[in-house]
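User: Could you take a close look at one helix in this protein for me? I'd like to follow how its residues are arranged, and then see a bit of what else is there.

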Amino acid sequence: MPTFRSPYILVLTCFLLLLSGCSLRPSQDASTSQAPATLIKQHQAQIEAIAQWHIRGRMAFFNTLEDDRSTATLTWQKETTLSSLRLSHPLRGTLARLTQTATQASLTDMQGKSYYAPTVDQLLAWQLGIHLPFQLVEQAITGRKPAELGNDYRYYPDGTLASYQVASTSLQGGQDLWHIALSRYKGVDTPLGTLLLPHELEITHANYRIRLQINNWSQIQ
């Protein structure tokens, strides 16, 4: 049985963030930077209209510095001014809960101990000394291009975003380079129409790797 140590529960909660032994590798056709511009623009316009969503799946967090991996089942509710995550295990129940409102982030671990900070990024940095861009992961989940300045954008032939790199500003003012890969896009019926949404993501940093497998999309508006 995996051992869920408190620091890794906290990092998992950020992400962003689901694997329990399965391999997440891009399963679509090879990406291309030459997808038709009209299809790219059309898909981005569709998903930019999404204001809220709910996902269920699994997440895995890899610390390459310590050659360590932690996994958990994930539920994530995103609303306009609220993000709420729950990490759990089939035998151990709820491992952690994370909430980000417009003014405060909070974490409650499996022992019932709570931590607070103005943002999730600060919460992780203060507790672990790890800088993970929470908003970047939220944007990546739906396949949106990031608000930060990205580069090396690649797309699938249908115009969906396949991968990109982004330099995110850390709390110290430096730049952290992240690589985001998205795959297994499927049509999801929503009040906004049928949207192509990714079901697998891999977010990579020099020291960390996060794999996300989404089993269900719902409550999309």
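Analyst: Let's start with how far to trust the model, then go through the helix, and end with some strands. Keep in mind that this is a predicted model. The average pLDDT of the protein is 81, and 78% of the residues score at least 70. Residues 1-27 are a part to be careful with: the pLDDT there is below 50, though in the model this stretch has 112 contacts beyond near neighbours in sequence.

Now for the helix, α2, which covers residues 37-48. With 12 residues at 1.5 Å a residue, α2 should span 16 Å, and its end C-alpha atoms are indeed 16 Å apart, so the two values agree. Which residues of α2 are buried? They are I40, H43, Q44 and I47. Because these four cover an arc of only 100° around the axis, they sit on the same side of α2. Go round to the face turned away from that buried side, and you'll find the exposed residues T38 and K41.

Further along the chain come the strands. Strand β3 (residues 83-89) pairs with strand β4 (residues 93-100) in the antiparallel sense, over seven bridges. One pair to look for is L87 with its bridge partner A96 in β4. A hairpin of three residues links β3 to β4. β4 also pairs with strand β5 (residues 105-109), again antiparallel, over five bridges. Here T99 stands opposite S106 in β5, and the hairpin joining β4 to β5 runs through four residues.

Note on methods. Residues numbered from 1 in each chain as written. Predicted model: local features only at pLDDT ≥ 70, side-chain atom pairs only at ≥ 80, totals over all residues. Heavy atoms only, no water. pLDDT = per-residue confidence, 0-100. Contact = heavy atoms within 4.5 Å. Helix = DSSP H or I, 4+ residues; strand = E, 2+ residues; numbered from the N terminus. Expected span 1.5 Å × (residues − 1). Buried < 20%, exposed > 50% of the residue type's maximum accessible area, 1.4 Å probe, protein only. Arc of directions from axis to C-beta. Pairing = 2+ DSSP bridges.
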